[in-house]
Amino acid sequence: MKSQVRGGTRWKRFAVVMVPSVAATAAIGVGLAQGALAASFAVSGQEFKVTAGHLDGTGFAQYGGVDMGYANIKEGNEVVPRPVAISTFKNATITKMCQSVVTPDVPVFGKITLKLTAGQDPKKPVVAENLYLDVTDLDADAKFTNIDIGMAAKDTDNPGIGKGPVVKDKNINQNGFAQQADRAVLTGVKQKAWATTAGSFELSGLSMRLHRGDGPKVECY
């Protein structure tokens, strides 16, 4: 029988990535044997940080996967697996979004942080369709509506059963752990990720700046 909770479910400081990432790690051998790639490209050797004041998404689904990415940001072609939790939304609006990534050892300058912000005006949020987040760590206050926990990943996009967008990669562990909900509302979001992809991504009030150094004063957190 499918495990589910109807109505609104709140989990204070809920680490959304926690359970699926455990499943992803346990299934990594199977995933690699199947040639599983969560991202449709080889990810860089740089993990990035993202924060958001408020994310309101419909058609939510989440399951484990594996990104294949370069082991070194400077040189070489060695590719290594990186277990991720893939959080997906059919539609999402995001306010006070920030994204930052640090590049170390830049000649003359040392560490340089690239910081991007958008959707600072609540009346003009960031808008995304078919959004996929390949996440390794996430903290937020979360509320889910009509949530199903413990279903098979491959069924999250099945007509009549699934609530999420098309499963990002059919080579994931299709019978592995997944969860889905009609709606997911997250506030105070802090996350680390290897990749983000979207069918469309509208960033109102986009601002991009380079900063010397790293840390909370120049990164998103």
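This report walks through the fold, an aromatic cluster, the largest pocket and a few single contacts in a predicted model.

## Overall layout

Let's start with the fold. The protein has two helices and eight strands. Reading from the N terminus, the order of elements is β-α-α-β-β-β-β-β-β-β, so both helices come after β1 and ahead of β2. The protein has 221 residues, and 43% of them are buried.

## The phenylalanine cluster

If you like aromatic residues, have a look at F60, F89 and F144, which form one aromatic cluster. The structure holds two aromatic pairs. In one of them, F60 meets F89 with 5.3 Å from centre to centre and 45° between the planes, a tilted arrangement. F60 belongs to strand β2 and F89 to strand β3, so this pair ties together parts that sit 29 residues apart in sequence.

F60 also pairs with F144: their ring centres are 5.4 Å apart and the planes make an angle of 40°, so this pair is tilted too. Here the link runs from strand β2 to strand β6, so it ties together parts 84 residues apart in sequence.

Are these rings buried or exposed? F60 and F89 are both buried, and F144 is buried as well, with a relative accessible area of 1%. For F60 the relative accessibility is 1%, and the cut-off for buried is under 20%, which is why F60 counts as buried.

## The largest pocket

Next up is the largest pocket, which holds about 320 Å³ of space. It has 27 lining residues, and V50, L131, L133, Q191 and T196 are the ones nearest its centre.

Which strands supply at least two residues each to this lining? They are β2 (48-70), β3 (79-95), β4 (97-106), β6 (126-152) and β7 (177-202). The biggest giver is β7, with seven residues.

What about the chemistry of the wall? Sorted by class, the lining has 20 nonpolar residues and seven polar ones, with no charged residues.

## The β5 and β8 pairing

Strand β8 covers residues 207-212, and none of those six residues is buried, so this strand lies largely in the open. Still, β8 has a partner: six bridges join it to strand β5 (residues 110-118), and the two run antiparallel. To find the pairing on your screen, pick L114, whose bridge partner in β8 is L210.

## Charges over rings

Two spots put a charged end over an aromatic ring. At one of them, the charged end of K49 sits over the ring of Y221, 4.8 Å from the ring centre. At the other, R82 has its charged end over the ring of W194, and the distance to the centre is 4.0 Å.

## A look at S100

One last residue to click on is S100, found in strand β4. S100 has a relative accessible area of 1%, so it is buried. Its C-alpha atom is 9.7 Å from that of D214, although the two residues are 114 apart along the chain.

Methods: Residues numbered from 1 in each chain as written. Predicted model: local features only at pLDDT ≥ 70, side-chain atom pairs only at ≥ 80, totals over all residues. Heavy atoms only, no water. 1 Å grid on protein atoms, 1.4 Å probe; cavity = no way out; pocket = protein on both sides within 12 Å on 5 of 7 lines; lining within 4 Å. Points joined across faces, edges and corners; volume = space filled by probe spheres on them. Helix = DSSP H or I, 4+ residues; strand = E, 2+ residues; numbered from the N terminus. Nonpolar A, V, L, I, M, F, W, Y, C, P; charged D, E, K, R; others polar. Buried < 20%, exposed > 50% of the residue type's maximum accessible area, 1.4 Å probe, protein only. Pairing = 2+ DSSP bridges. Phe/Tyr/Trp six-rings, centres within 6.5 Å; stacked < 30°, edge-to-face > 60°. Lys NZ or Arg CZ within 6 Å of the ring centre and 35° of its normal.
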